[in-house]
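Reader: I am new to this structure and would like a close look at a single part of it, explained step by step. Could you choose one element and stay with it for a while?

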Amino acid sequence: MDDPQAQEIAARVREELARRRISRQALADMARISISTLEKALSGRRAFTLATVIRLEEALGTPLRVRPAPAIDPRADSAGDLGGYSRGAVRWIEGRYLTLRPSFGNPADIYAYLTTIEWDAAGSHLAFRESERIDSSFSQSGRVSMPHLSGHTYLVTNVDGQYRLAVLGRPTIKRALYGILTTLLVGNGSQLVPTSVPLAMLRLDTGAGDEVAFGRIAPGQPAHARYRAELDGVIAGDFARFPR
C-alpha cells in the first residue's frame, strides 16, 4: 500500500475503533493479526499489506479501501432510462422532420416547423430540437425515449419539472411518424390549460428543406391541402384516438 492509501486506511480503522469502542488488542484478535503489526501499521511505522487490510475488513465488516467508481464513458452506446436502446438500433430515426400540428389559435391553420433527432454523445441517448418556428422563443428540445414494451417513440421536454410530451407510433414505410402532442396553452387570462392535438413528423431527405413550407399555413396556401391530409392520417391510420 502506498503512503496516502495506508494513511487513509489507518484513519478509517481508528474511526471504527472509536465508534465501536473496542480496543486495538480486541481488533487484532478479531482479525487474527498480532497487536504489534496493528500498532505499527496504525502509527505509520509499517505499511499495510493487502492481507492485513483484508483481515481487518472482515473483522470490522466494513470496507477500508476506497474503490473508484466505475468510469462512465461519454461515448457509451445505450440509453438506460429511456428504453435501454443502443445507438445502432435507433440510427434509423436520426434525421430532420417536417413537423405538423393544428394551430392553437385557429385549428383550420396548420403550424409547420422542423424537428431534428440526433444522438447526444455526452448523454448517450437520442435528443431532439425544434427550429424554423415562427415563435422561436418557444422552440423545444429534449430527450427521446423508445421503450420496447410499447414500441412507441416519446419526445420528452422537461423544464424544471414541467413536461411537454409527444407520443409517436411505429414509423411508416416512408419513415414518417404520427401520434399526438400534449402540452399547455394559454387559456383565459394567463391560465395554462392542458391540450392534446394530432402530430405528424415527415422525414426530410438532405436538401429537401427548400421544398416545404414552414410557419402558419392557412387554408388556400399551396401546402395546406397536403399538410391537412397528413394530419387527418393520424386518426384515419389509427395512430391516435380522440374519444369524446
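Author: Let us take helix H1, residues 3-20, which has 18 residues and reaches 26 Å from its first C-alpha to its last, close to the 26 Å expected at 1.5 Å a residue; helices here are DSSP runs of H or I with at least four residues, numbered from the N terminus, and the expected span is 1.5 Å times one less than the number of residues. This is a predicted model, in which local features need pLDDT of at least 70 and side-chain atom pairs count only at pLDDT 80 or more, while totals for chains, interfaces and linings use all residues. Residues are numbered from 1 along each chain as its sequence is written, and side-chain values use heavy atoms, with hydrogens and water left out.

The buried residues of H1 (under 20% relative accessible area with a 1.4 Å probe, protein chains only) are Ala-6, Ile-9, Ala-10, Val-13, Glu-16 and Leu-17. Because they cover an arc of only 125° around the axis, they lie on the same side of H1, the arc being that of the directions from the helix axis to the C-beta atoms. An α-helix has 3.6 residues a turn, so residues three or four places apart point the same way.

What covers these buried residues includes helix H2 (24-31), helix H3 (35-43) and helix H4 (50-60). The face of H1 turned away from its buried side carries Pro-4, Gln-7, Glu-15, Ala-18 and Arg-19, which are exposed, that is, over 50% relative accessible area. After H1 comes Arg-21, whose phi is positive, near 60°.

Note on methods
Helix = DSSP H or I, 4+ residues; strand = E, 2+ residues; numbered from the N terminus. Contact = heavy atoms within 4.5 Å.
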